[in-house]
Amino acid sequence: MTATPSLVLRGGESVLRFAGGPVTLHRPDKEHHIPLAAISFVHAEGRSVAIVLTASGANEPTIYRVTGVSEAGALAFADAVTAALPEVPAPDGAELVTTSTPGAPGPRRARWKPVAVAVVAVLVALDAFIALKGPRGEYAVAFWMAVAFAATGVLLVRSAGREAYRQWRLPRHGITVVGEFSHHTNDRKVYRYTDATGTGHTYAATSGPDTIELAYDPRAPERAIRPDTPYGRVMGGLAALLGCAMAGGSLAAAGALVLAAARG
């Protein structure tokens, strides 16, 4: 008797699991339990796997798709699930699928709290060293000014740099769809779009026409951007470079102050 393999496929934030029973699809916001009787077939193509459910009449079948997986793993997963499918599937697979909401993870900030405390402690110790050993008392104040400018630069790099990267990457390597205006929320317009699996998502913007183009990452379809103009992309890149210059220059200034205090 051949043992049923226990397979796991990871694509971005999505995880597919199969161990002979129902297929489970875990995503950050929900988890789907898909009985084998609900599956019509499993299609593996490149680094993508699609689980197509059975459908009755003229209804469109529900499709669960995961991209960015291992190509060899995708083929193995499709073969294993296909071999386990029952001879007589259910007429409407969507009715058999159950969906649950995973428990909310603990706050991520708690993981950074010890690091933040350690960094603050080091900065306070360096400032005290400068105040006691520095040739001028103003050096201690200048040190905190340099730290503040460095922190501002890091934040600018993090926000502007990440957005510049997404503006460069997603229009080229993501999926572009049309977002339709849905409703207003305070002073923002909310658009609705559908990803390749048929799941609906929303995107908020301060302004725009009733239909806009949106590009999203197949590994995280709930995160979309509105492709910017060439001028906007250039300005975003310059903002990231400015943040780098602020952070680098301020850290160099803070280091110079510590060195001056060490020399007395």
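1. Two strands pair if DSSP finds at least two bridges between them. Strand β6 (residues 48-53) and β7 run antiparallel and are joined by 5 bridges, so they qualify as a pair under that rule. Within this pairing, V49 has V66 of β7 as its bridge partner. Please keep in mind throughout that this is a predicted model.

2. The three-stranded sheet. β6 and β7 belong to an open sheet of 3 strands, in the order β5-β6-β7, with antiparallel pairing. β5 (39-45) and β7 are the edge strands, and each of them pairs on one side only. On average, neighbouring strands of this sheet are turned by 10° against each other, direction ignored. Helix α1 (residues 71-84) packs on this sheet and touches β5 and β6. The direction of α1 makes about 160° with that of β5.

3. The five-stranded sheet. A second open sheet has 5 strands, ordered β11-β10-β9-β12-β13, and its pairing is antiparallel. Which strands stand at the edges? They are β11 (200-205) and β13. Each has a single partner strand, so one side of each is left without a neighbour in the sheet. Here the average turn between neighbouring strands is 45°, direction ignored.

4. The β12/β13 end. Strand β12 (residues 211-217) is joined to β13 by 3 bridges, and the two run antiparallel. They form a hairpin with 2 residues between them. Two positions help to fix the register. A215 has I225 of β13 as its bridge partner, and Y216 stands opposite A224 in β13.

5. Helix across the sheet. Helix α3 (residues 138-173) lies across β9 (175-185), β12 and β13. α3 runs at about 110° to β13.

6. The β3/β4 hairpin. β3 and β4 pair in the antiparallel sense over 4 bridges. A hairpin of 4 residues joins β3 to β4. L25 stands opposite H32 in β4. β4 also pairs with strand β8 (residues 98-100), in the antiparallel sense and over 3 bridges. In that pairing, the bridge partner of E31 is S100 in β8.

7. Faces of β4. In a regular strand the side chains alternate between the two faces of the sheet. Strand β4 (residues 31-34) shows this alternation. H32 and I34 point to one face and are buried. E31 and H33 point to the other face and are not buried.

8. T24. This residue sits in strand β3 (residues 23-26). Is T24 buried or exposed? T24 counts as buried because its relative accessibility is 18%, and the limit for buried is under 20%. Outside its neighbours within four places in sequence, T24 is in contact with V15, L16, R17, H32 and H33. Of these contacts, H32 and H33 are the β4 residues that point to opposite faces, H32 being buried and H33 not.

9. L259. Helix α4 (residues 230-263) holds L259. At 43% relative accessibility, L259 counts as partly exposed, since that class lies between the limits of 20% and 50%. L259 and V141 are 118 residues apart in sequence. Their C-alpha atoms are 15 Å apart in space.

10. The second largest pocket: size and lining. Rolling a probe the size of a water molecule over the atoms shows where empty space is left. About 280 Å³ of space lies in the second largest pocket. Its lining consists of 19 residues. R27, D29, K30, T199 and H201 lie nearest the centre of the pocket. By class, the lining divides into 5 nonpolar, 7 polar and 7 charged residues.

11. The second largest pocket: contributing strands. Which strands each supply at least two residues of the lining? They are β7 (63-67) and β13 (220-225). β13 gives the largest share, 3 residues. Both strands have already appeared above as edge strands: β7 in the sheet of 3 strands, and β13 in the sheet of 5 strands.

How values were computed
Residues are numbered from 1 along each chain as its sequence is written. This is a predicted model: local features need pLDDT of at least 70, side-chain atom pairs count only at pLDDT 80 or more; totals for chains, interfaces and linings use all residues. Side-chain values use heavy atoms; hydrogens and water are left out. On a 1 Å grid over the protein atoms alone, a cavity is a set of points where a 1.4 Å probe fits but cannot get out, and a pocket is an open set with protein on both sides within 12 Å along at least five of seven lines; lining residues have an atom within 4 Å of a point. Grid points are joined across faces, edges and corners, and a volume is the space filled by probe spheres set on the points. Ala, Val, Leu, Ile, Met, Phe, Trp, Tyr, Cys and Pro count as nonpolar, Asp, Glu, Lys and Arg as charged, and the others, Gly among them, as polar. Axes are lines fitted to C-alpha atoms, for helices over the stretch in contact, and angles run from 0 to 180 degrees between N-to-C directions. Contact means heavy atoms within 4.5 Å. Buried means under 20% relative accessible area, exposed over 50%, partly exposed in between (1.4 Å probe, protein chains only).
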